[in-house]
Amino acid sequence: MAEEQERRPAGELEASVLAALWAAETPLTPGEVQRALADGLARTTVTTILTRLYAKGTVTRDRAGRGYAYRPAQDAHGLTARRMHAELDKDEDRGTVLARFVSALSSEDEQMLRALLDDGGDSGTGGGTGSGDRGGTGR
């Protein structure tokens with residue numbers, strides 16, 4: 001079974017750790033995350049995942065004894081928006097990337113995007129997708 005866990009994609013493990021952090025009301029230590037996951041991951045594996053997420057800016061950490069307690073830097077929606085920005089930043093021709101993205105939107109998504117743009121990105125959907133969220137606000 002340990003071999004199967006080692007073969008899981010890193011993204012899947014990171015997603016599981018983030019889900020545990022989002023479900024918690026307070027920051028969690030690696031041991032607490034390990035217990036929340038309850039899937040047999042070694043504490044060292046959980047610590048490695050948390051350290052990588054911290055290096056990416058996906059989680060923040062505070063001293064907790066000799067170690068750290070971690071919390072998500074953003075909610076799930078903020079993280080998705082951050083990933084979208086990161087993908088956009090990878091291409092020098094932003095206009096073409098945006099044009100192709102918009103051309104593939106469903107009519108419902110296009111209407112939602114138009115409404116967000118008309119409202120200045122503040123339509124009350126809780127999206128907060130404006131450039132102010134780019135660096136992580138801790139929400």
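**A buried side of helix α3, and what surrounds it**

In helix α3 (residues 30-37), the residues Pro30, Gly31, Val33 and Leu37 are buried, where buried stands for under 20% relative accessible area, exposed for over 50%, and partly exposed for anything in between (1.4 Å probe, protein chains only). These four sit on the same side of α3, because they cover an arc of only 160 degrees around the axis; the arc is taken from the directions that run from the helix axis to the C-beta atoms. The model is a predicted one, so local features need pLDDT of at least 70 and side-chain atom pairs count only at pLDDT 80 or more, while totals for chains, interfaces and linings use all residues. Numbering starts from 1 along each chain as its sequence is written, and side-chain values use heavy atoms, with hydrogens and water left out.

Right after α3 comes Ala38, with a positive phi near 50 degrees. That is a positive value in a residue other than glycine. Most residues other than glycine have a negative phi. Ala38 has its place in the loop between α3 and α4, and with a relative accessible area of 67% Ala38 is exposed.

Now for the overall layout. The protein has seven helices and two strands, and from the N terminus on they run α-α-α-α-β-β-α-α-α. Helices (H or I, at least four residues) and strands (E, at least two) are DSSP runs, numbered from the N terminus. Of the 139 residues in the protein, 23% are buried. About 9,400 Å² is exposed by the protein, and carbon and sulfur atoms supply 51% of that area; accessible areas come from the Shrake-Rupley method with a 1.4 Å probe, and for residues only the protein chains shown count as cover. As for contacts (heavy atoms within 4.5 Å), among those between residues at least 6 apart in sequence, 47% join residues at least 24 apart.

The two strands go together. Strand β1 (residues 59-64) pairs with strand β2 (residues 67-72) in the antiparallel sense, over six bridges; two strands pair if DSSP finds at least two bridges between them. Within this pairing, Asp62 stands opposite Ala69 in β2. The hairpin of β1 and β2 has two residues between the strands, and Gly65 there takes a positive phi near 70 degrees.

Charged side chains come next. A search of the whole structure turns up five salt bridges, each being a side-chain nitrogen of Lys or Arg within 4 Å of a carboxyl oxygen of Asp or Glu. In one of them, the side chains of Lys56 and Glu14 meet at 3.0 Å, N to O. Lys56 belongs to helix α4 (residues 43-56) and Glu14 to helix α2 (residues 10-23), so this pair ties together parts that are 42 residues apart in sequence. The two partners are covered to unlike degrees: Lys56 is partly exposed at 47% relative accessibility, whereas Glu14 is buried at 12%. Leaving aside residues up to four places away in sequence, Glu14 touches Ile49, Arg52, Leu53 and Lys56.

Another salt bridge joins the side chains of Arg114 and Glu110, at 2.8 Å from N to O. Both lie in helix α7 (residues 107-118), and being four residues apart they are separated by about one helical turn. Arg114 is exposed, with a relative accessible area of 52%, and Glu110 is partly exposed at 28%. The side chains of Lys90 and Glu87 form a salt bridge as well, again with a N to O distance of 2.8 Å. Here Lys90 counts as exposed at 62% relative accessibility, and Glu87 as partly exposed at 49%.

Nonpolar side chains also show up on the outside. Met84, Phe101 and Val102 form a nonpolar patch on the surface, and together they have about 260 Å² of accessible area. Patches are made of residues with over 30% relative accessible area and no salt bridge; like charges are joined within 9 Å, and nonpolar side chains (Val, Leu, Ile, Met, Phe, Trp, Tyr) within 5 Å. One member of the patch, Phe101, has its place in helix α6 (residues 94-103), and Phe101 is partly exposed, with a relative accessible area of 43%.
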